[in-house]
Amino acid sequence: MAEQWFPHLQWDLLLAATQETLYMTALAGAATFVLGITLGLTLFLTAKGGLFQHRTVYSAISLLVNVFRSIPFIILIVLLIPFTKAIVGTILGADAALPALIVGAAPFYARLVEIALREVDKGVIEATRSMGAKLSTLIFRVLLPESSPALVSGITVTLIALVSYSAMAGVIGAGGLGNLAYLEGFQRNHNDVTLVATVTILLIVFIIQLVGDVITSLLDKR
């Protein structure tokens with residue numbers, strides 16, 4: 001029955017492409033989470049009225065974030081080809097897509113982190129500081145826990161964007177479902193392959209959104 005509906009689809013290729021997409025999304029997502037939290041915290045702490053207000057540092061990081069967040073992803077991949085080849089050794093395959101995915105997503109998430117931290121009750125922050133708490137205590141016991149629902153919601157949105165980015169990267173040889181849809185589907189005019197690859201991407205997005213919503217609900221104390 002499946003062969004009748006999807007005559008051109010090779011299920012082993014679909015499985016391999018799905019694994020590559022999940023691999024790129026997971027690794028890039030983990031790196032984006034760490035870098036985004038770091039950049040977002042730095043922006044929050046050095047902003048006007050922050051604990052370590054520093055106009056120069058804030059302006060420099062903010063400019064960097066805005067620039068990389070504004071570059072269309074497909075152009076960013078091309079711009080990072082020399083950098084990618086230098087650290088990965090190739091510009092093809094799932095690993096080659098990781099630098100562009102991380103550089104494209106981390107600034108986006110950093111801005112979401114900064115916004116989430118700004119929503120933390122100022123009274124709680126001041127009370128913690130008045131008790132002589134260290135910076136590490138303030139960050140890991142107050143700022144991150146208090147903003148955790150927004151942080152999880154933000155990384156959920158970012159992961160979904162990464163799935164989309166990975167599909168675009170697949171068009172220029174990064175592998176994954178985007179590569180399958182383009183090479184095996186579009187270029188060979190196999191509409192069934194394109195359809196299944198697209199539906200698989202949608203399923204991944206729906207699952208990420210569902211898991212993110214559940215975790216956000218569990219963390220939200222309101």
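What percentage of the 222 residues in the protein chain is buried? In this predicted model, buried residues make up 41% of the chain. The fold contains 11 helices and zero strands, and from the N terminus on its elements accordingly read α-α-α-α-α-α-α-α-α-α-α. Along the principal axes, the C-alpha trace extends over about 70 × 40 × 25 Å. Among contacts in the protein chain with a separation of 6 or more, 73% are accounted for by residues 24 or more positions apart.

Confidence was examined for the chain and for its elements. The mean pLDDT of the protein chain is 90, and 97% of the residues reach 70 or more. Among the elements, helix H2 (residues 11–46) has the highest mean pLDDT, 95, whereas helix H1 (residues 2–5) has the lowest, 62.

The interior was then described in terms of nonpolar cores. The largest nonpolar core comprises 17 residues, of which Ile-37, Leu-41, Leu-143 and Leu-151 touch the most other members. Two or more residues are given to this core by each of H2, helix H6 (94–118), H8 and H9. The contribution of H8, five residues, is the most given by any element. Another core, of 16 residues, lies apart from the largest one and includes Leu-76, Leu-80, Leu-101 and Ile-102. Within the largest core, Leu-151 is in contact with Ile-37, Tyr-109, Val-113, Ala-116 and Leu-144, when residues up to four places away in sequence are not counted.

One of these partners of Leu-151 is Ala-116, a residue of helix H6. Ala-116 counts as buried because its relative accessibility is 6%, under the 20% limit for that class. With neighbours within four places in sequence left aside, Ala-116 is in contact with Ser-147, Ala-150 and Leu-151. By comparison, Ala-116 and Leu-135 are 19 residues apart in sequence, and their C-alpha atoms are 18 Å apart in space.

The packing of two helices was considered next. Two packed helices are described by the angle between their axes and the distance between the axes. Helix H8 (residues 135–146) and helix H9 (residues 148–171) pack at an angle of about 60°, and their axes are 5 Å apart. H8 and H9 are therefore oblique to each other. On the H8 side, the contact is made by Leu-144, Pro-145 and Glu-146; on the H9 side, Ser-148, Pro-149 and Leu-151 take part. By class, four residues of this contact are nonpolar, one is polar and one is charged. Leu-151 thus appears in the contact of H8 with H9 and is also a member of the largest nonpolar core.

Two serine residues of H9 were also examined. Ser-148 lies in this helix and is buried, with a relative accessible area of 14%. Ser-148 and Ile-215 are 67 residues apart in sequence, and the distance between their C-alpha atoms is 9.7 Å. Ser-166 is likewise found in helix H9 and is buried, its relative accessible area being 1%. Not counting residues up to four places away in sequence, Ser-166 touches Thr-21, Met-24, Thr-25, Leu-101 and Gly-175. One of these partners, Thr-21, is 145 residues from Ser-166 along the chain, yet the C-alpha atoms of the two are separated by 6.6 Å. Another partner of Ser-166, Leu-101, is among the residues of the 16-residue core.

Exposed positions were found toward the later part of the sequence. Asn-189 is placed in the loop between helix H10 (176–186) and H11. Because its relative accessibility is 58%, above the 50% limit, Asn-189 counts as exposed. Most residues other than glycine have a negative phi. Asn-189, although not a glycine, has a positive phi of about 60°. Ile-207 is found in helix H11 (residues 191–219) and, at 52% relative accessibility, also counts as exposed. Ile-207 and Thr-128 are 79 residues apart in sequence, with a C-alpha to C-alpha distance of 38 Å.

Definitions and conventions:
Residues numbered from 1 in each chain as written. Predicted model: local features only at pLDDT ≥ 70, side-chain atom pairs only at ≥ 80, totals over all residues. Heavy atoms only, no water. Axes fitted to C-alpha atoms, helices over the stretch in contact; angles between N-to-C directions. Helix = DSSP H or I, 4+ residues; strand = E, 2+ residues; numbered from the N terminus. Parallel < 35°, antiparallel > 145°, perpendicular 65-115°, else oblique. Contact = heavy atoms within 4.5 Å. Nonpolar A, V, L, I, M, F, W, Y, C, P; charged D, E, K, R; others polar. pLDDT = per-residue confidence, 0-100. Core = buried A, V, L, I, M, F, W, Y, C linked by side-chain atoms within 4.5 Å. Buried < 20%, exposed > 50% of the residue type's maximum accessible area, 1.4 Å probe, protein only.
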